[in-house]
Amino acid sequence: PNFSKTGGSGTGALTYSILAGGTASNCALSTSAANAILTASTAGTCKVIAGIAGDSNYEQAISNAVTITFSATVPGVPTNLSAQAAQNQQVTLNWTAPANTGGAAITDYKIEYQECQPTQGGLFCSALQTFTHTASANTSIVVTGLTNSWTYTFQVSAVNSVGTGSPSDSSNAVRPSNVAGI
């Protein structure tokens with residue numbers, strides 16, 4: 001949320017401060033000035049007070065604490081997705097977790113792939129398909145059940161208790177093979 005000065009009769013500068021006791025992690029104000037923006041790195045609450053300095057006409061004024069609640073959202077986008085043909089009918093994926101978890105722990109990654117099979121006219125590519133796996137917050141996985149000599153690209157989306165975030169950029173194209181080094 002953004003804060004601004006409204007009302008009041010003092011002429012001193014309006015400032016904001018974070019109070020201890022909130023449940024969100026890393027509550028922070030962009031500035032202590034009147035146009036402050038409050039942020040937090042996890043869902044929960046932050047407590048803020050406002051004050052106006054005293055002057056020759058008015059005494060210092062401090063507000064009651066205001067509690068602001070941050071709700072969790074879907075996570076951000078995973079980055080640095082790479083694919084490497086592992087073994088017969090398998091590809092290993094590695095990626096970097098999103099910097100923004102949405103304020104809730106990442107519980108899984110949705111793995112999607114597109115397979116392209118060679119045809120006389122070039123390649124025929126499928127719509128995106130989802131790889132079914134046991135939920136895991138690990139940032140690598142071996143995708144199994146692929147077809148040798150077909151070309152695959154992948155994308156990964158982070159999942160938390162709120163839902164599924166946006167997918168990563170597509171991986172490099174890979175082709176599993178039952179011949180080592182191909």
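## Glu112 and its salt bridge

Glutamate 112 has a relative accessible area of just 12%, so with a cut-off of under 20% this residue counts as buried. Keep in mind that this is a predicted model, so every value here is computed from predicted coordinates.

What does the side chain of glutamate 112 meet in a salt bridge? The partner is lysine 110, with an N to O distance of 3.6 Å. Lysine 110 sits at 33% relative accessibility, which makes it partly exposed. So the bridge pairs a buried acid with a partly exposed base. The count for salt bridges comes to one. As background, side chains of opposite charge can pair when their charged atoms come close.

## Leu128, a loop residue

Glutamate 112 also turns up among the contacts of leucine 128. Leaving aside residues up to four places away in sequence, leucine 128 touches Glu112, Tyr113, Gln114 and Gln155. Where does leucine 128 lie? You'll find this residue in the loop between β10 (122–125) and β11 (129–131).

Is leucine 128 buried or exposed? Neither, quite: the relative accessibility is 47%, so leucine 128 counts as partly exposed. For a sense of the spacing, leucine 128 and serine 157 are 29 residues apart in sequence, and their C-alpha atoms are 13 Å apart in space.

## The aromatic cluster

Tyr113, one of the residues that leucine 128 touches, brings us to the rings. Searching the whole structure turns up four aromatic pairs. In one of them, the ring centres of tyrosine 113 and phenylalanine 154 are 6.1 Å apart and the planes make an angle of 45°, so this pair is tilted. The pair links distant parts of the chain: tyrosine 113 belongs to strand β9 (residues 108–119) and phenylalanine 154 to strand β13 (residues 151–159), with their positions 41 residues apart. Both tyrosine 113 and phenylalanine 154 are buried.

Phenylalanine 154 has another ring partner in tyrosine 152. Here the centres are 6.3 Å apart with the planes at 20°, so the pair of tyrosine 152 and phenylalanine 154 is stacked. Tyrosine 152 is buried too, like phenylalanine 154. Put together, Tyr113, Tyr152 and Phe154 make up one aromatic cluster.

## How far to trust the model

The protein chain has an average pLDDT of 86, and 91% of the residues score at least 70. Which strand has the lowest confidence, and which the highest? Strand β5 (residues 61–62) is lowest, with a mean of 75, while strand β8 (residues 91–96) is highest, at 98. Where pLDDT is low, the predicted coordinates should not be read in detail.

Technical notes. Residues are numbered from 1 along each chain as its sequence is written. This is a predicted model: local features need pLDDT of at least 70, side-chain atom pairs count only at pLDDT 80 or more; totals for chains, interfaces and linings use all residues. Side-chain values use heavy atoms; hydrogens and water are left out. Rings of Phe, Tyr and Trp (its six-membered ring) pair if their centres lie within 6.5 Å; planes under 30 degrees apart count as stacked, over 60 as edge-to-face and the rest as tilted. Helices (H or I, at least four residues) and strands (E, at least two) are DSSP runs, numbered from the N terminus. Buried means under 20% relative accessible area, exposed over 50%, partly exposed in between (1.4 Å probe, protein chains only). Contact means heavy atoms within 4.5 Å. pLDDT is the predictor's confidence in each residue, from 0 to 100. A salt bridge is a side-chain nitrogen of Lys or Arg within 4 Å of a carboxyl oxygen of Asp or Glu.
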